[in-house]
Amino acid sequence: MKTALVCGAGGFIGHHLVRLLKASGYWVRGVDLKNPEFSETAADEFLRLDLRLPENCRQAVDLSDDAPFDEVYQLAADMGGMGFIHSAECEIMTNSALINIHMVNAAADASVGRYLFASSACVYRDQEIGEDEICEDDAYPALPDNEYGWEKLYAERMAFAHSRNRGLEVRVARFQNCYGPEGTWQGGREKAPAAICRKIALAQEGDVIEVWGDGSAIRVYTYVDDLCNGIHTLMRSDITEPTNIGSSELISVDELVETVADVSGKGIAVRHVDGPVGVHARYHSVARIESTGWRAHFDLRRGIEATYPWIAQQAKGRSASKLAD
Ligand code: NAD
C-alpha cells in the first residue's frame, strides 16, 4: 500500500485531497495545526503539529521503522483571500516560509519518494484585460503582485534547490482560485467565490450586495475536485517543472456574481465598492498539466451548483444560532 503525508490536511484543499488519496487506496497521515472544520478527516492518522518548528516537521515525515513516505503533499500555509493577503504580509512571509524551509529539509533528510509543493498563480505578475496567455516560464523575470506570491516563489526555489542538491524528487503545482464545499466561507480568510455565495445566501430577493472593485477583473475558478485530481496527476507524472493547475474558463467578477445569483434563484443588485481586488487579469496556459490527459470537468455553473447550497446551509445555521443567542 502506498503511503502519503498531507501537510495542511485540516484545511480546505488538504481535507479534500486526503479523501481522494484514501479513495485511491493510500495509507494517509494528515498534519495540521487544527482538525478539519466541517467534517471528520478521512486520514488514517491525524497529527496536530505546528510545522513552523523543525522538530515537528521531522515528526510529521517520520514513519519509524517503516520505509519513508512515498508521497508528501505540502499544502500547509498561512492563507486567505485578497483581504487577508494584503493585510497580513508579515505573518504570511514569516509563517509560510518557516513551514516550507523546515518541511522540505525534513522530507529530504527522510528520503521521501516524492515531494509536491502547493504554489500559486500569485507568483505571476499582474496582467491587463485582453493580454495574451502566459505560461509557467513567464514567472521570470519575477514581479508577483503581492508578498504571498513572493513567498511562494521563494518556496518553489527552495524545493528545486533540494531537488538539484539533495536528490529530492520534486513537483510544484501552481493553483488557481479554488472553491467548493467545506471551504472557508466567512471570517476574513474566505476567497471571492465563497464570499459572494455567503453574501447572496444572506440577502433577500431584490437586495443590493457590495462587491470589491468594478467587477471587470478576470479570473479562473477551479472546483476543488478538479484541483485535487490535478494535484494527484501531477504527483504521479514525470513533469519536474512548475505546473499550472486550473480551469481554462475565463470569468469576470461580475459574471461570478451573476452565476451565483442565478443558482440561488434570487434577483440581486450589485454595488461596486473599493477593496483589495488583486490583479486585473489572469490568463494562464494549462497546456502542461493537460499534456498528462488531465482536464477540468466542472465549469463555473456546475461548481457553484455544488458549492452554493452548502454555503447557504452554513449561513442559515449561523443566522439561526445568532437568533437563538
Ligand atoms: P487553508 O487555509 O484552508 O489550508 C491551509 C492549512 O494550513 C490550514 O488548515 C492551516 O491550519 C494549516 N497551517 C497553517 N499554518 C500551519 C502551521 N504552522 N503548521 C501546520 N499547519 C498549518 O488553505 P487552502 O485553500 O486549502 O490552500 C492549501 C494550499 O494551496 C496553500 O498552500 C495555499 O497557499 C495554496 N493555494 C490555494 C489556493 C486557493 O484558491 N485555495 C490558490 C493557490 C494556492
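Here is a short walk through a helix pair and a ligand site in a predicted model. Local features need pLDDT of at least 70 and side-chain atom pairs count only at pLDDT 80 or more, while totals for chains, interfaces and linings use all residues. Residues are numbered from 1 along each chain as its sequence is written, and side-chain values use heavy atoms, with hydrogens and water left out.

Let's begin with the ligand. Around it are 26 residues (each with a heavy atom within 4 Å of it), of which Ile13, Asp32, Tyr148, Lys152 and Cys178 come nearest. The shell divides into 14 nonpolar, six polar and six charged residues; here Ala, Val, Leu, Ile, Met, Phe, Trp, Tyr, Cys and Pro count as nonpolar, Asp, Glu, Lys and Arg as charged, and the others, Gly among them, as polar. β5 gives the most to this shell, with three residues.

Now for the polar contacts (pairs of N or O atoms within 3.5 Å). A polar side-chain atom of Asp32 lies 2.6 Å from a ligand oxygen. For Ile13, a polar backbone atom is 2.8 Å from an oxygen of the ligand, and for Gly11 a backbone N or O atom is 3.0 Å from one.

Ile13 also takes us to the helix pair, where Phe12, Ile13, His16, Leu17, Leu20 and Leu21 in α1 meet α7 residues including Val224, Leu227 and Ile231; contact means heavy atoms within 4.5 Å. By class, this contact has nine nonpolar, three polar and one charged residues. Helices are DSSP runs (H or I, at least four residues), and strands are E runs of at least two. The axes, lines fitted to C-alpha atoms over the stretch in contact, come within 9 Å and cross at roughly 65°.

Key:
Axes are lines fitted to C-alpha atoms, for helices over the stretch in contact, and angles run from 0 to 180 degrees between N-to-C directions. A polar contact is a pair of N or O atoms within 3.5 Å; within protein, one must be able to donate a hydrogen and the other to accept it, and residues adjacent in sequence count only if both atoms are side-chain atoms.
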